[in-house]
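Okay, thanks for coming, everyone. I'd like to take a few minutes to walk you through one structure, so have a look at the screen.

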Amino acid sequence: MTRLPRKIIIDTDPGQDDAVAILLALASPEDIEVLGLTAVAGNVPLALTERNTRIICELAGKPEALVFAGCDAPLKRRLVTAEHVHGQTGLDGPQLADPVMPLQAQHGVDFIIDTLRQQPEKTVTLCPLGPLTNIAAAFLKAPDIVDRVQEIVLMGGAYFEVGNITPAAEFNIYVDPEAAEIVFRSGVPIVVMPLDVTHKALTTRPRIEAFRAMGTEPGRMVAEWTDFFERFDMQKYGSEGAPLHDPCVIAWLIRPELFSGRHINVEIEVQSDLTRGMTVADWWGVTDRPANALFIGDLDAAGFFELLTERIARL
Ligand code: BDR
Ligand code: CA
């Protein structure tokens, strides 16, 4: 039986791992139709994330993709960035030329709203790869769209791995916890790729060399990005390689059977200075709070990298 490609909006703050996620989506037209990409402030400020998103679309050979700039700061807080992980540009590693393709004039939040109103109900999936500011801003501005979303598949949070930007919080949720709270309480079906799973999607020397061996520009870029990105997590965790966090979101849309998790309740800590942005995930079912998310805990890493190399090699 042929399956129609799933319509998605990618909401992103590139970031080397965001870049690999976007390349995977754009290389998979039989599975995924990318309606547009909305940039958000996160790993680096918005002026860089929207630029980086355009660079990545051009690298994928898709200059016709629609790229929008969204929010330049979290809903209620000052922006926290992660140049210490991703470098000053957010895409440090290889030399990158300025993009030529245009940035769309419309605000990213309005694009999300208009798209959800125009497309048939529950046919559009939102894929946030950064702080949840744009998604929450759209839900606040146009509450009628909330019930029209098919699903939200996001990278963020942690339970067993706890935190990477503070001892208690993962970066994407920490940067805009109020936005995360709105999303997790929205009632939209949510799939979460927390650090618990993304820390198992680790690059290794042979996996990186497989990208380089493609002999293509995207293959070389992915190898150089992961080379750059790797040093940080190897120093911090002593891990074998770098976690490809954000590509887990796109891989789940294509091959959900590579992943496993639990339907559980997830609440966001927004009050405490000590644990702000913590995803309080009821993995063990110790409360009566209703499940609001499929919280992923494990993946078939070999299958995940097979998929990535097969698809990136097409570009
Ligand atoms: C998340 O934060 C960013 O640094 C990555 O791009 C990923 O989305 C991991 O905590
Ligand atoms: Ca990201």
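Let's begin with a loop. K122 sits in the loop that runs between α4 and β4, the strand at 124-128. What is phi of K122? It's near 55 degrees, so to speak on the positive side, and K122 is a residue other than glycine. As background, most residues other than glycine have a negative phi. Before I go further, please keep in mind that this is a predicted model.

There's another backbone feature to look at. P14 and G15 are joined by a cis peptide bond, with omega at about -10 degrees. In general, most peptide bonds are trans. And where is G15? You'll find G15 in the loop between β1, residues 6-12, and α1.

That brings us to the ligand, since α1 (16-26) is one of two helices that each supply at least two residues of the shell around ligand 1. The other one is α6, at 171-175. So where does ligand 1 sit? It's in the largest cavity.

Here's who is around ligand 1: D17, D18, N43, H86, L129, M155, N164, E170, F171, N172, H245 and D246. Sorted by class, that shell comes to 3 nonpolar, 5 polar and 4 charged residues.

Now for some distances. The side chain of E170 has an N or O atom 2.5 Å from an oxygen atom of ligand 1. For D18, a polar side-chain atom is 2.9 Å from a ligand 1 oxygen. With N172, the distance from a polar side-chain atom to an oxygen of ligand 1 is 3.0 Å. How much of ligand 1 does the protein cover? On its own, ligand 1 has 280 Å² of accessible area, and the protein covers 97% of that.

Last topic, aromatics. Searching the whole structure turns up 6 aromatic pairs. One of them is F68 with F111, which is stacked, at 4.0 Å centre to centre and 15 degrees between the planes. F68 belongs to strand β3 (residues 67-69) and F111 to helix α4 (residues 108-118), so this pair ties together parts that are 43 residues apart in sequence.

That's my tour, thanks.

Conventions: Residues numbered from 1 in each chain as written. Chains lettered and ligands numbered in written order. Predicted model: local features only at pLDDT ≥ 70, side-chain atom pairs only at ≥ 80, totals over all residues. Heavy atoms only, no water. Near = heavy atom within 4 Å. Polar contact = N/O pair within 3.5 Å; in protein donor to acceptor, adjacent residues only side chain to side chain. Areas by Shrake-Rupley, 256 points an atom, 1.4 Å probe, with all protein chains shown as cover. 1 Å grid on protein atoms, 1.4 Å probe; cavity = no way out; pocket = protein on both sides within 12 Å on 5 of 7 lines; lining within 4 Å. Sits in = over half its atoms within 2 Å of the grid points. Helix = DSSP H or I, 4+ residues; strand = E, 2+ residues; numbered from the N terminus. Nonpolar A, V, L, I, M, F, W, Y, C, P; charged D, E, K, R; others polar. Phe/Tyr/Trp six-rings, centres within 6.5 Å; stacked < 30°, edge-to-face > 60°.
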